[in-house]
Amino acid sequence: MAGALKKTTGLVGLAVAENPHEHLRILYTKILAALQDIPKDAAYRKYTEQIVNERFNMVKTEPNVQKLEDKMKSGQIEEVIIQAESELSLARKMAQWKPWEPLVEEPPTDQWRWPI
Amino acid sequence: MLAAALGLARAGLRAAARPAVLLHARFEGSSTTETRPTVRPKDEVAQNQLCAFGEYVAEILPKYIQQVQVTCFNELEIFIHPDGIVPILTFLRDHTNAQFKSLADLTAIDVPTRQYRFEIVYNLLSLRFNSRIRVKTYTDELTPVDSAVSVHQAANWYEREVWDMYGIFFANHPDLRRILTDYGFEGHPFRKDFPLSGYVEIIVLNFPSRSVSTGKKE
C-alpha cells in the first residue's frame, strides 16, 4: 500500500497525500459531527449527509487509491480531501448562519423587474 | 522571374494559412436561400440542469434567496437579500455540489428609479463542473454592504472599483479607496445622474507634464 504512492498530483502546490483513506475518514466523521448541530429537517443537512455518506462508503470499501478516484469521479484524491475540508468549514459556518429559516426580508415590488 | 516566383511563393504561403474552402465560398452565388430564422437553438438539457441546480440552492438557503431564474441564454441567476452575501458566496465556494471557486466579476448597476438604486452583481465560475452562476443583491447610496474579500480575494480591486464608480460602501474591506478616478476627484462617475463629460474641465499638458483644472464648472 505504501509503495503504491503516485509521484505527483500534477497540480502546483498540491502535495501527494500519504494515507488518504485515514485523512478522509477523519474529515467525514468530523463533517457528520458538525452536521448534528443543524436541525434534522434542514435541506442542507439532508443533502450534505447524503453526499458525505456516499463518499464515506466508497472510502471504506475501496482500498486502492486509483480505483477510489475513478469511483468518486471528482478529480484526484488530494482534491477530494480539499473538498472535504471546505465542506467541514462550511458546515460549521452554516450552523451559525442558520440559512434554513424563512426569508429574512421581501424585496420591494419592482426591485427585480427587468426591463424597468 | 525569380522575384515573381518568390512573390508567388509568399502569396501561396499566406493563402495556405487560411483554409482553401474560405477563399472559394466568398464569391459563390446563393443557389439555395436559407429560410430558417437565425435564432439560437434551445438547449433543453442545459436549461433543465441549471433549473435543477437553482432549485437545489434555493431549497438549501431560503433565508436569503428571493428569486432564482434561468435566462433564455442558459444563465442561472440568483437574487438575494444583502445580508446573505457572505453566507451565499461561502456556500457556493465550499459546498461539494457547487464549488464555484472563481469570482469572475463583481460589478454594479444603477437604476435611479428604484428604492434601492444599486444592484451588485457577482459572476462565479465553477471549474470542477464547468458552469457559471450570477448572484445579484441590492443596496442604496447610504447602506453599506458586506465585503466579499473574506470569501474571494479577487473581490478586492473589484470592490474598490465599485466604490469609486458608484459610491457603494463595502464594510470589512481591507483597503477601500479610489482606484480609477483622479486623486482629488469628487463624485461617482458611473451613476446615472453624473453627466457624461463630468463637472470640471481639465487641460492635460505634455511639457511640463501635468494636468491643470481650468476652474470652469458646468
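This is a dialogue about reading the contact between two chains, and then one chain and one residue, in a predicted model.

Student: Happy to start! How many residues take part where chain A and chain B are in contact?

Tutor: A good way in is to count residues on each side. Here 35 residues of chain A are in contact with 35 residues of chain B.

Student: And what area is buried between chain A and chain B?

Tutor: Area adds to the residue count. The two chains bury about 2,900 Å² between them, and carbon and sulfur atoms give 60% of that. In chain A, the residues that lose the most area to chain B are Trp97(A), Gln111(A) and Trp112(A), together 25% of what that side buries.

Student: Nice. How many salt bridges and polar contacts should I look for between the chains?

Tutor: The count is three salt bridges between chain A and chain B. Try displaying the one in which the side chains of Glu101(A) and Lys63(B) meet, at 3.3 Å from N to O. For polar contact, the count is 14 residue pairs, with both residues at pLDDT 80 or more.

Student: Which helices of chain A supply residues to the side that touches chain B?

Tutor: Helix 2 (43-61) and helix 4 (77-97) of chain A each supply at least two residues. Helix 4 gives the most, with nine residues. Sorted by class, that side of chain A has 17 nonpolar, seven polar and 11 charged residues.

Student: Let's turn to chain B. What pattern do its helices and strands follow along the sequence?

Tutor: Begin with the totals: chain B has five helices and nine strands. Read along the sequence, they run α-α-α-β-β-α-β-β-β-β-α-β-β-β. Of the 218 residues in chain B, 38% are buried. The accessible surface of this chain is about 13,600 Å², with 57% belonging to carbon and sulfur atoms. As for contacts with a separation of 6 or more, residues 24 or more positions apart account for 44% of them in chain B.

Student: Now a single residue. Is Ser147(B) buried or exposed?

Tutor: For that, compare relative accessibility with the cut-off, where buried means under 20%. Ser147(B) has 4% relative accessibility, so this residue counts as buried.

Student: Where is Ser147(B) placed, and what does Ser147(B) touch?

Tutor: Look in the loop of chain B between strand 6 (145-146) and helix 5 (155-166). The side chain of Ser147(B) reaches the backbone nitrogen of Val149(B) at 3.2 Å. Leaving out residues up to four places away in sequence, Ser147(B) touches Val86(B), Glu159(B), Phe170(B), Ala171(B), Asn172(B) and His173(B).

Terms used:
Residues are numbered from 1 along each chain as its sequence is written. Chains are lettered from A and ligands numbered from 1 in the order in which they are written. This is a predicted model: local features need pLDDT of at least 70, side-chain atom pairs count only at pLDDT 80 or more; totals for chains, interfaces and linings use all residues. Side-chain values use heavy atoms; hydrogens and water are left out. Contact means heavy atoms within 4.5 Å. Buried area is the accessible area (1.4 Å probe) that two parts lose on being put together, summed over both. A salt bridge is a side-chain nitrogen of Lys or Arg within 4 Å of a carboxyl oxygen of Asp or Glu. A polar contact is a pair of N or O atoms within 3.5 Å; within protein, one must be able to donate a hydrogen and the other to accept it, and residues adjacent in sequence count only if both atoms are side-chain atoms. Helices (H or I, at least four residues) and strands (E, at least two) are DSSP runs, numbered from the N terminus. Ala, Val, Leu, Ile, Met, Phe, Trp, Tyr, Cys and Pro count as nonpolar, Asp, Glu, Lys and Arg as charged, and the others, Gly among them, as polar. Buried means under 20% relative accessible area, exposed over 50%, partly exposed in between (1.4 Å probe, protein chains only). Accessible areas come from the Shrake-Rupley method with a 1.4 Å probe; for residues, only the protein chains shown count as cover.
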